[in-house]
Each structure stands twice: as C-alpha cells, then as structure tokens.
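The following note sets out points for a colleague who is examining this model. Each point is best read with the coordinates open.

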Amino acid sequence: MDSTRTLGKYRVEREVLDELRLEEVTQRKTYSDTHPSLSERLKDSLRCTAPKLKQSVMSSLPVLYWLPKYSIWDYGMPDLISGISVGIMHLPQGLAYALLASVPPVFGLYTSLYPALVYFFFGTSRHISIGTFTVLSIMVGSVTERLAPDSAFLITNGTNVTAEVDIAARDSYRVQVAAATTALGGLIQVVLGLVKFGFVETYLSEPLVRAYTTAAAAHAVVAQLKHIFGVSPTRFSGPFSLVYILKDVCMLLPHTHLPTLLVSAVSMVFLISAKELNSFLSPKLPVPIPVELITIVAGTLISTYTHLNSNYTISVVGKIPNGLSYPSVPDASVFGEVIGDAFALAMVGYAISISLGKTFALKHGYNVDSNQELVALGLSNAVGGFFQCFSVCASMSRSLIQETTGGKTQMAGVASALILLVTILKLGPLFQELPTAVLAAVVFVNLKGMFKQYSDIVTLWKRSKIDLVVWLVTWVATMLLNLDLGLAASIIFALMTVIFRTQLPTYSVLGNVPGTELYVDIETHREAREIPGVTIFRSSATVYFANADLYLEALKEKSGLDISKMIIYKKRQEAKQRRRERRAERRAKRQAKKERRAQRAAEQLSGAPVFSVEEEEEQGWTERENGTVFVIPITPQTPDGPCRWEYLKGGEPDSTSLGWMSELQDGDTTTLGSSSEDTLSHDLERVSLGSLGKWTWDIHSIIIDLSTANFIDTVAIKTMKNIFQDFSEIDVDVYMAGCQPTLVEQLELGDFFSESVTKRHLFASVHDAVLYCVDHRGATSFPRYETSVDAYSTTKL
C-alpha cells in the first residue's frame, strides 16, 4: 500500500495497516505459541524445581517470609501497644456478638482467640484484625435459631408440656450447629482459594455489600430488642421473619421489664456520650479510650454489688467456665442443612476481609494476595470450627484501631490473642454477673456506623441510578428474605443489571475530528465530521449472544439502510424475474415453431434459406448466451449478393407473425457486428437494487469499530458473517477495526474468515480503515441510484 493517504485536509505519511500487514510488521505469535496445550501446562505445573518449591512454600506460609526479617526494635513496641488496644476491644465485642450468634458469651471469646492465631501464620494483610463481626454473627444466629429453636427443647413432665426451656441442651446444640456451619464455610473458602477463585469477591460490588450490611444491622437491632426491653418474643425463621419478630415485639411492649429497660438506656447513653468524647479527643490521645470495656466492667461491678439478677430479675450472662475448651470434630450430619448458609458466610466474610485488607495495603504500600487471603480466612474458620467458634472475618472498628495505634505486622494479632487468653483462663468468671442488657447496648451503639450508610441513597442518586437500584433491591431483599436468601437474590439482581447494560448499550456513528486521527460520536461532538460514503459504527459493549440481534438492528438504524426489506424486495424481484424467464422460454419455443413455419413459407417464396438458433449451431455459428435469440433474413436473397441477417431477442408473446422489428414491442435488434454482451436482454440480467430504483443511498463502506469488545462468541460471529453477506448484496463493503489480538484468534477459531471475507477486511484502527475506504472507493465513488420508473415497466416479456 502507498505510504501516503489523504483524508480531507489531513495528510497521513504512513502505511495503512490491515490485519495481515499488522501481523507481518509486528511478527505476531501464533495461537499455539501463546496458548500451550493442556499436556504442556500440566507438565509445567507438575515440574518441581528448588526456586519453584521455595516460592510455593513462601506463598502458602507467608509467616516464613516476613518473620525472619522482623525487627523487634522497629516493630516490637508498636505491635505490642496495638495488640493490647485491640485485645481490650475483643473482650466486650466477643461477649456481645455471641448474643447475636445465639450462643453462650464465652464462645465469643473463643472465636476471638483461635482464628486470630491461625491467621498469623497464613494471612498476608498486616493490619486487619480477625475475630467476631456483627454481620457474620447475625447470619450464624439465624442458622442456630432455625435449627435449634426454643420449641424443640421444651421440658416435658409426663403428658404435660411446661413453658420452661432446657437452656443447657439448647445452647449445647446451638454451639454444635454454629461450629459445623463455620467449619463448612471455612472448607469452602479453602477450596476456592486453592483453585484461585479469589476473584469471586469482585461480584460483590460495594453498593451491594454496603446495603447488605445495613440491612444486617437492622436484623441485629431487632434481635437485641428482646434484651433491651426484657421481653420474650416468639422466634421466627425464613422469609419475612424480621417482620414477624418486630410485630411480636411491638405487641409485647406493654409487658416491658422496666429495670432491664433502665439498664439498657443508661448503658446506651453512657456509651454514646463516651464515644463522642472519644472522637473529640482522639487527635490528642495516643490510644483511644476503651469505652466498651469500661462499660462492661462498670456494669459487672454494679450488678455484682447490687444483686440485679436476684433483686430485680435482670438477666445476666451466667456461668463462664475457666480454661480452654477441648477440640472436637464438627457435626457433619448438619452439613446438608447449612451448606447454603455456609456459602453465604464464606462469601460475605471474604468480601469484607479482602476489601479492608486491600485498603490498608494500598495505604501502606504492600501487596495482599487475594487467593492466599481466601485460604487464610478459610483455615481460620475451619480450625475455629473444631474449637466451637463461629464464623469470623476482619472487623472494621478493630482494624482501624490496630492501624491507627501503630500496628506494623501480624504480631499485633498475637498480642491481642494473649490478652484474650489471660481473660479466658483467669478473668472469665468475673463477668458472670454482667447484665445481657449491657451487651445488647454495646451491640446497638456499635451499629451506629452502619446506620450512617443510609446516606448512600442520596449519594448514589446523584452518581449512579443503577447502583442505587442495586442498593435498594439488596436492602429490601435482605430485610424481607432474611440474610441467606437476601444475599443470593441481591447477587443475582446485580449480575442481571450487568447483563441488561451489555444488552442495551449505546450505539453511535463516529465522525472524524478535523486534523486528528480521533473518531467520536457525531451526536455528542459538534466538531466531528462524517466521512462521505463511509459509516463508522460502534457499540459501547461487547457483542455476544444476548445483544447480537440488537446489534444488527442498531447497525441498520444508524446506517439508514433497512437491509432486511431491501434484500427481501430483491429476492422477490429475482423470483419474479425467474418466472418471467421461464414464461419467456416457453413462449420463445412456441414462437420458434411459428417462425420456422414462417421461414419455410418465406423460403418457398424467395428461395433464400432461413436458420433458427438451433440451425445456426449446426452451421458452426457461435452459440449465443440468450436461448431466445433467433435469426431471420430481413432482405430477400438476390443474384447480386447474399441476404441481410438480424438477431432478435425477447419476442412479445402476442407476436404471431414474423413482421418487421417495429412490430416487436419488447425486443431489440442488433446486427451481426454487435458484441455478444449486447445481445443479452436487460430483463434477463441479474437484478440489482440500484437498477430497480426503489432505494437511494450514499454509503459505499461500513466500518465496525470493535475496540470495545474483549471477546466474541459463536452467535456474534454468525451475526458478523450475516452483516458482511447482507451488505455485499447491495454493493456496500464492510470492514472491522480495532480488534484485540484475542478477538482475532476467536474469529479464526470460529471460522469467520473465508475467500470473500479475509483479514484484509480487518484494520488496526478506525483511521486505517477510513483511509483504505477513501483510497479504494473514494469519497464520491459510491453507488448512487435515483428513483426512477421500474426497470420492468419498459420491458415486456
């Protein structure tokens, strides 16, 4: 190709690159070079070398990488201070969130201890604090209450059923259910991490997660109302359980236990005031004031010395055993009933943890391996399930404390675990007189941050209506369908919005920005100029099976060519033409018989021979293309010279006698000197839309910009083939531009290319394609057909 192309006033001193030329210039690798076979990949994955083994061990046990480099002088004191601060927060949160999980409070302390130690060995984030979290505790509580309701543990006395519940048996089974669910969720996370499925968290968008946690906070509030008001509502599970529980609590409000309500109100007022004071003084304080711990200690002391439980029947935590629990194998018999809940716990916990981990990693300049984080979190839950823990993940409040108090590495988690260990071994029984209303107040006040997320509605209204709809649908689904079904419905809806957006993308016709190689939407850019005779079409989304038909319809609309109707009209005219040809052939045969009889009669009169077409062939004449052509003498033979001959074609069926040519309404005459092409009748030529005169268009080339496409499936490939074929029927060339290498490979695998459609129809950029079209068809060399009288109105068969 020439190295110089001109587009309007813009002159390009370079070669126009189509796909074949681009591959030649860049020496693009073949598909086999870039995609090793399955056997080669398997062989490479099983090949063991010392560096590969070391890298595998280091990636599986990150502690072996950073611990040998740990500097006590640089990191020891900051990690110790941070760990103590986080450990102090673990105590009240572990006790309080155990209520959300519907298990005895001591198991909240176990949950804060064991998983943090496991994460120390396998985690890659240096700042997140693994332990109890509000949302996961609520989700576990919904499972335990569903499988171990109070009604299943009523104490019977002969044939009568009393109103008492066997609390010890109920709590024991709930702990088993929580541990089994946690272990199963951990195993799911480990498996997903080993198969490199860490990207799954990307399907939980930020609006979805924030709406889900906001709705979960509402569930947590409703779950704590019974402890705040001192009532005993009926437990419900499944869809609309929140509505039923809230209705039951409202009906029991006249029976509120006033001493319990007073303890709750005082605790909440103190917590809110202290937290506001803490926020005000935080810039001046090296370590935040442990407000929750102070509240719990104060509540325990007051309850112990005033005997709130015995004097005012205020519910307290109860017996907290000394020492650690023995490990036990989770009850696998409940796996089938909780597998859906376990998967939801695995996904939500991982999404929260990895989002926090990546946030801190970006801030402090280190990397977090998403797959290894999934494995680390899974092992923390799986091992925790053997020690009667419930599901854990990173806590936002504790992680912020760990980061702001100067924590540098995972050693801070070990320091906090030591605080918990001392509490479990020595200090646990001291909290036996702690009122549960105080723990409920701690949970209630700590949810304040999640309730602030309702401001997302205003923000998303201004930024993205679709994200707002995702937020609202997630919130409503989680509120009404409960936490497990709500999460599933929310993910499905969020994915559907992506499908709908790709199914209904923005289609545009591009124009050139004068003096540049840029092509932009002519509807949104006033300075963009269309290229005469060339339509440049682009979709804002990938073409695939869900939008392939819409893509074709949009191309027809934007190009202004109703190709379907045009081709249907053409096929009808061709069918009509074939019928006319057959009728003409039959009529010609009948006419030939009449002419032969007339020729014989003329021969008898003039003595000059007359040959038909068949006789002409016998005489060695060249066969004519039109079978309806016949030869007659128009002057009689004389002694001075031969007679004069004429070729006739397309005789009128009403012509019953030979006559002269002026009597043939539908034929024309040529002399023997005329070319064979001129002897073809116009009505027997191949029908073209331009000759039919029904449409007028000024497009000779269409360029499809595929720069936005990252893949193409078989349905889209078939659609592209149809586009090339259909527009070629009306003499419009189609080209594609901006194809990614992977897209070209998929076109090759899909048998897109043929003799008529080659890689010459693919160009490196839209500008290359435009220059090629202008150079080969010109800005004014397009076919233009003015509306005229139908071609068949002047030709009668």
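**Notes on the predicted model**

1. V476 is partly exposed, with a relative accessible area of 39%. This is a predicted model, and the values below are computed from it. V476 belongs to helix α22. On the surface, V476 joins F236, F240, V243, Y244 and L480 in a nonpolar patch, whose accessible area is about 480 Å² together. Helices α11 (241-252) and α22 each contribute at least two residues to this patch.

2. Helix α22 (residues 465-503) deserves attention for its course. Were this helix of 39 residues straight, a span of 57 Å would be expected at 1.5 Å a residue, yet the end C-alpha atoms of α22 are only 17 Å apart. A bend of about 140° is found in α22 at N482.

3. What is the sign of phi at N482, which is not a glycine? The value is positive, about 80°. N482 itself is placed within helix α22. N482 counts as buried because its relative accessibility is 9%, and the limit for buried is under 20%.

4. A positive phi also occurs at S102, a residue other than glycine, where the angle is near 60°. S102 is located in the loop between α6 (72-100) and α7 (106-122). With 9% relative accessibility, S102 counts as buried.

5. How many salt bridges does the structure contain? The count comes to 14. One of the pairs is D456 with R210, whose closest N and O atoms are 2.5 Å apart. D456 is part of helix α21 (residues 456-463) and R210 of helix α10 (residues 206-229), so this pair ties together parts that lie 246 residues apart in sequence. D456 is buried at a relative accessible area of 11%, whereas R210 is partly exposed at 28%.

6. A further salt bridge joins E292 to K275, with 2.8 Å between the closest N and O atoms. Since E292 lies in helix α13 (residues 291-306) and K275 in helix α12 (residues 258-281), the pair ties together parts that are 17 residues apart in sequence. E292 counts as buried, at 7% relative accessibility.

7. Helix α12 also holds E276, which forms a salt bridge with K448 in helix α20 (residues 448-451). The closest N and O atoms of E276 and K448 are 3.1 Å apart, and the pair links distant parts of the chain, 172 residues apart. Both partners count as partly exposed: E276 has a relative accessible area of 45%, and K448 has a relative accessibility of 34%. Elsewhere, D150, R170, D171 and R174 are joined into one network by salt bridges that share partners.

8. How many disulfides does a search of the whole structure find? The search finds zero. Among the cysteines, C389 is buried, with a relative accessible area of 1%, and C739 likewise counts as buried, at 11% relative accessibility.

9. A last point concerns I522, in the loop between β8 (519-521) and β9 (534-539). I522 counts as partly exposed, at 26% relative accessibility. I522 and N512 are ten residues apart in sequence, and their C-alpha atoms are 8.5 Å apart in space.

Terms used
Residues numbered from 1 in each chain as written. Predicted model: local features only at pLDDT ≥ 70, side-chain atom pairs only at ≥ 80, totals over all residues. Heavy atoms only, no water. Helix = DSSP H or I, 4+ residues; strand = E, 2+ residues; numbered from the N terminus. Expected span 1.5 Å × (residues − 1). Bend = angle between axes of the 7 residues up to and from the residue. Disulfide = S-S within 2.5 Å. Buried < 20%, exposed > 50% of the residue type's maximum accessible area, 1.4 Å probe, protein only. Patch = residues over 30% accessible without salt bridge, like charges linked within 9 Å, V, L, I, M, F, W, Y side chains within 5 Å. Areas by Shrake-Rupley, 256 points an atom, 1.4 Å probe, with all protein chains shown as cover. Salt bridge = Lys/Arg side-chain N within 4 Å of Asp/Glu carboxyl O.
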